[in-house]
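Hi,

Here is the structure I promised to pass on. Have a look at it first, and then read my notes below.

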Amino acid sequence: MATLTDIDGRDRARPDGAPGNNPGAAEPELVGPGRGEPVAAVVATPAGRRRIPEVVSTGARWRVDAGRRPCGGRPRRRAGTPAAGGAEPRAAAYAYRSHATADGLPLGSLDAGLALPCPECGTLHRPSGEESRAALGVPPPVGRLAAGLQAPPTRLRARDAERRPVSVLFCDVVDSVGLSSRLDLEDYGALILAYRKACADAVTAAGGIVAQYVGDGVMACFGCPTAHEDDPVRAVRAGLGVLGAMRDLNTDLAAEGMPALAVRAAIHTDVVLVGDLGVGTGQEAITIVGEGPNVAARLQQAAEPDTLLVSDATFCAVQGFFECRPLGPQALRGLSRMMGAFAVVGPTGATTRLEASRTLTPLVGRTDELAELRRLWSCTAQGGGRAVVLRGEAGIGKSRLAQELQAQVAASGPLLITCRCGQEHTTNAPWPLAMATQRLPRGPSARFRSLADVVDELLPPRTACRPTLLVVEDAQWADGATLRLLEILIERLPASAALAVFTARPEFDPPWLDHPGVSLLDLHRLREPEASEMLESLVIGKEMPAVVRRETLERSDGVPLFMEELARAAAAPNSGSPPGGGAYGGMLPPHPIPVTLRGLVMSRLDHLGDGKTIAQLCAGLGSCFSQAQVQAAAGVSATVACRLLARLVAEQFLDRDGSGTAATYSFRHTLVREATYQSMLLARRRFGPR
């Protein structure tokens with residue numbers, strides 16, 4: 001990659017197109033190939049060299065009309081610079097790429113005109129869009145967003161592939177060669193078919209897909225084409241499901257006089273390239289490329305028959321959900337480093353991250369909210385049910401606050417009912433609350449004739465001597481029938497002795513929020529002193545270097561879950577080491593975004609549908625951008641750009657400052673922007689501020 005150096009050490013032109021602040025600056029020097037070459041711009045400042053948005057060289061000579069430079073002065077001829085036809089030499093034309101290339105063109109900068117710095121005084125000259133395109137030799141703009149933001153002419157098109165965190169499950173039959181030699185072809189084929197069906201059923205039930213069949217090998221993927229926040233956990237459940245299904249299958253095979261099948265399975269979690277990478281008749285619906293599938297396949301070979309192994313990366317994501325036995329670092333063929341491996345013994349029974357945690361992080365910065373919850377519980381215990389909604393962004397601590405309430409009121413002996421709405425339960429049955437009734441001490445319910453029957457089963461009368469604490473997690477994922485059930489529950493709460501606590505994300509806005517018996521507590525991010533206090537509790541007994549501490553606080557930005565994951569990732573940087581076993585000084589910042597957090601962001605991106613493309617585009621525009629930049633980069637009208645941005649604001653991806661076309665936008669969280677940016681192919685990434 002060529003390098004553009006601003007010799008006088010000052011910023012020649014800002015990404016927004018404003019004039020540079022360096023009159024009299026020396027001409028920038030371009031070293032390296034010309035046309036279309038991405039060029040890293042490095043500026044020497046009093047604080048040191050810093051990287052500014054990348055530029056792309058047009059490879060063409062730019063000649064100032066009438067032999068004058070844009071600011072009106074006479075251009076200076078540079079030694080050794082040819083001039084066509086005796087004309088005055090040009091200043092190299094550079095298109096600042098504060099955005100990116102979506103179809104081989106500098107997004108945004110072309111429509112607005114190229115920013116061309118004067119070679120002597122540094123004043124920015126901005127010709128029209130037509131002049132800019134003529135200099136570059138490119139066609140007029142098209143509606144790129146509607147076309148899927150086509151990528152440059154490379155082998156991979158942006159709409160065909162993307163980088164995703166996935167968990168790859170690889171299963172293989174033990175001694176398949178021996179079986180094929182001992183059995184008739186048709187018998188062996190029936191055996192393999194039954195095995196494949198058992199694998200596919202287990203994978204599908206856990207929310208994954210079978211990506212590939214290779215002989216007697218089955219490769220399944222969790223995290224594509226649609227991500228879930230708990231894909232590693234789902235993958236392990238599927239792996240155990242495969243082993244359980246094989247035990248049932250072997251029972252049937254034995255009854256038919258057929259030999260039993262033994263299976264090895266392994267899971268690895270990593271960021272991979274997902275897309276259609278086939279050629280001609282070899283095209284596949286989905287292809288997974290990267291270290292993930294290779295490690296899973298190699299790790300599977302190290303497993304004992306009828307055993308499921310997970311890599312250290314997967315173990316970090318599922319620890320607490322499953323009991324695992326460490327096997328130590330493994331040397332896998334083709335891998336240059338040792339890979340930590342764990343044998344999965346079985347589930348622990350934990351269904352949430354908090355249940356899976358060995359120790360709970362002390363609750364910090366929620367004194368007022370907890371006091372309000374205690375007050376509402378006291379009112380319930382004295383007669384008269386209430387409801388409260390704990391609302392906030394992902395990872396803000398809603399479930400942790402609800403759990404703290406449960407712990408503090410446990411001494412009063414309440415009847416505790418907990419249930420969780422999930423993305424996988426979106427049918428028209430009130431699954432979460434109906435299942436909760438099965439755990440009531442009054443015994444399993446009979447068939448419900450109506451939703452009101454479910455509510456009557458859940459809510460005790462006001463005269464009950466034992467109040468009920470009902471906790472409904474992730475209410476934003478409630479299906480239609482569950483939402484109707486909640487409406488009935490809210491109506492009947494005043495006549496009961498129950499406190500209903502709902503946790504939900506900001507988009508949860510049911511009509512009954514205005515009910516007089518419902519309180520709303522919006523949870524906000526931790527302030528800096530509170531975040532520092534929480535970080536101290538996370539690293540107690542360990543020495544965290546100041547640079548790591550500062551990075552963790554800045555990137556977590558007051559979100560407790562982000563802080564926990566970043567601190568854990570920084571503490572265990574070395575492959576093969578269990579969480580908490582590493583040293584904070586083992587890796588210098590910036591640390592990679594933990595796969596768990598990338599999966600969380602990818603799940604939210606997939607939920608956007610078509611809006612994911614615009615979210616990725618915004619991630620490339622930088623930490624702060626305008627509607628005009630989005631409009632130019634996407635090649636859409638002002639109306640469309642406004643609607644797309646409004647969707648991202650409503651989905652809590654962006655914050656808006658101001659109104660109308662003068663509004664500026666920024667990502668609500670730095671890590672969300674980072675993860676969104678990193679989900680794009682390199683060919684589509686925006687080369688703006690990082």
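**What I found**

Of the 690 residues in the protein chain, 52% are buried. Please keep in mind that this is a predicted model. The chain holds 21 helices and 23 strands. Among its contacts with a separation of 6 or more, 70% join residues 24 or more positions apart. The accessible surface is about 30,700 Å², and carbon and sulfur atoms account for 52% of that.

Now to the interior. The largest nonpolar core contains 56 residues, and Val501, Cys618, Phe625 and Leu654 have the most contacts inside it. The top contributor to this core is helix α18 (residues 611-621), which supplies six residues. If you want one residue to click on, try Cys618: setting aside neighbours within four places in sequence, Cys618 touches Phe625, Val630, Leu645, Leu648, Leu654 and Phe667. There is also a second, separate core of 42 residues, with Leu183, Phe222, Val310 and Val344 among them.

Helix α13 may be worth a look as well. This helix covers residues 480-492, 13 residues in total, and spans 19 Å from first C-alpha to last, close to the expected 18 Å. Its N-terminal end is capped by Asp479, with a side-chain oxygen 3.0 Å from the backbone nitrogen of Ala481. Ala481 is itself buried, as are Thr482, Leu485, Leu486, Ile488, Leu489 and Ile490 in α13. When you view the helix, remember that residues three or four places apart point the same way, because an α-helix has 3.6 residues a turn.

Happy browsing, and best wishes

Key:
Residues numbered from 1 in each chain as written. Predicted model: local features only at pLDDT ≥ 70, side-chain atom pairs only at ≥ 80, totals over all residues. Heavy atoms only, no water. Core = buried A, V, L, I, M, F, W, Y, C linked by side-chain atoms within 4.5 Å. Buried < 20%, exposed > 50% of the residue type's maximum accessible area, 1.4 Å probe, protein only. Helix = DSSP H or I, 4+ residues; strand = E, 2+ residues; numbered from the N terminus. Contact = heavy atoms within 4.5 Å. Expected span 1.5 Å × (residues − 1). Polar contact = N/O pair within 3.5 Å; in protein donor to acceptor, adjacent residues only side chain to side chain. Areas by Shrake-Rupley, 256 points an atom, 1.4 Å probe, with all protein chains shown as cover.
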